[in-house]
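Here's a quick walk through a few spots worth a look in this one. Have the sequence and the model open as you read.

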Amino acid sequence: MSVNYYEKIWMWIAGGLIAVFVGAILLTTGLQAIHPPSHVETIDPAKVGDDPEFGKPGVTVRADGSAVVVLVAQLFSFNPDPIEVPVGKPVTFRLTSVDVIHGFQIVGTNANAMIVPGYVSQFTVTFDRAGEYLIACNEYCGVGHHMMTGKLVVKRAAQ
Ligand code: CUA
């Protein structure tokens, strides 16, 4: 099969771009801990209040010191707020929304997820630095969007 000279050039450019994009995903995943979306779990947004897990949002600390944060977002707040988690231990966030799409960005960290009604967003972060962090909703969700913030308190575990 003979391929036109210019067609060949474009094929190489397209192939190069694909290599760059796949490389960018691999690099950011490996070096910057950016996780492509992978967790798919659904929940009926109208029944979040009756859900055994999301009906009681809060923080649970496991025996090994790691923690699970179950959080419900709604116009225009996060529940629980503030969120207290241990420093230096894996913290798994499980997030859902009862109304519209919200954002969940822990400012100054790589924790950043969309909270989509009907789905559970889950990711795990280890905070190496104790202190207070601002949580910002970074998806426009209505007139109160700019006031939709929360607080994360990363603490040393009580001995
Ligand atoms: Cu919630 Cu913007």
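## Ser 66 and its surroundings

Setting aside its neighbours within four places in sequence, Ser 66 touches Thr 60, Val 61, Lys 89 and Pro 90. Keep in mind that this is a predicted model. Ser 66 sits in the loop between E1 and strand E2 (67-74).

Is Ser 66 buried or exposed? Its relative accessibility is 3%, so Ser 66 counts as buried, the cut-off being under 20%. Its side chain also has a polar partner: the side chain of Asp 64 makes a polar contact with that of Ser 66, at 2.7 Å.

## Pro 86, across from the serine

Pro 86 belongs to strand E4. Pro 86 and Ser 66 are 20 residues apart along the chain, and their C-alpha atoms are separated by 7.4 Å. With a relative accessible area of 10%, Pro 86 is buried too, because that value is under 20%.

Who does Pro 86 contact, leaving aside the neighbours within four places in sequence? The list is Gly 65, Ala 67, Val 91, Val 154 and Lys 155.

## The second largest pocket

Pro 86 turns up again here, as one of the residues lining the second largest pocket. That pocket has a volume of about 160 Å³. Its lining also takes in Val 59, Val 61, Gly 65, Glu 84, Val 85, Val 87, Lys 89, Lys 155, Arg 156 and Ala 157. The elements giving two or more residues to this lining are strand E1 (58-61) and strand E4 (83-86).

Which element gives the most? That's E4, with three residues. Sorted by class, the lining has six nonpolar residues, four charged ones and one polar one.

## Two cis peptide bonds

If you're scanning the backbone, stop at Leu 75 and Phe 76: a cis peptide bond joins them, with omega at about -5 degrees. Phe 76 is in the loop between E2 and strand E3 (77-79).

Another cis peptide bond links Asn 79 to Pro 80, and here omega is about 10 degrees. Pro 80 lies in the loop that runs between E3 and E4.

## Ile 106 in strand E6

Now for a residue with no accessible surface to speak of: Ile 106 has a relative accessible area of 0%, so it is buried. Ile 106 is part of strand E6, which covers residues 102-106.

Leaving out neighbours within four places in sequence, Ile 106 is in contact with Phe 93, Ala 111, Phe 127, Tyr 133, Leu 134, Ile 135 and Leu 152. Take Tyr 133 from that list. Tyr 133 and Ile 106 are 27 residues apart along the chain, with 6.5 Å between their C-alpha atoms.

## Cysteines and disulfides

How many disulfides does a search of the whole structure find? Zero.

Two cysteines are worth checking for burial. Cys 137 has a relative accessibility of 6%, and Cys 141 comes in at 10%. Both values are under 20%, so Cys 137 and Cys 141 each count as buried.

Technical notes. Residues numbered from 1 in each chain as written. Predicted model: local features only at pLDDT ≥ 70, side-chain atom pairs only at ≥ 80, totals over all residues. Heavy atoms only, no water. 1 Å grid on protein atoms, 1.4 Å probe; cavity = no way out; pocket = protein on both sides within 12 Å on 5 of 7 lines; lining within 4 Å. Points joined across faces, edges and corners; volume = space filled by probe spheres on them. Helix = DSSP H or I, 4+ residues; strand = E, 2+ residues; numbered from the N terminus. Nonpolar A, V, L, I, M, F, W, Y, C, P; charged D, E, K, R; others polar. Buried < 20%, exposed > 50% of the residue type's maximum accessible area, 1.4 Å probe, protein only. Polar contact = N/O pair within 3.5 Å; in protein donor to acceptor, adjacent residues only side chain to side chain. Contact = heavy atoms within 4.5 Å. Disulfide = S-S within 2.5 Å.
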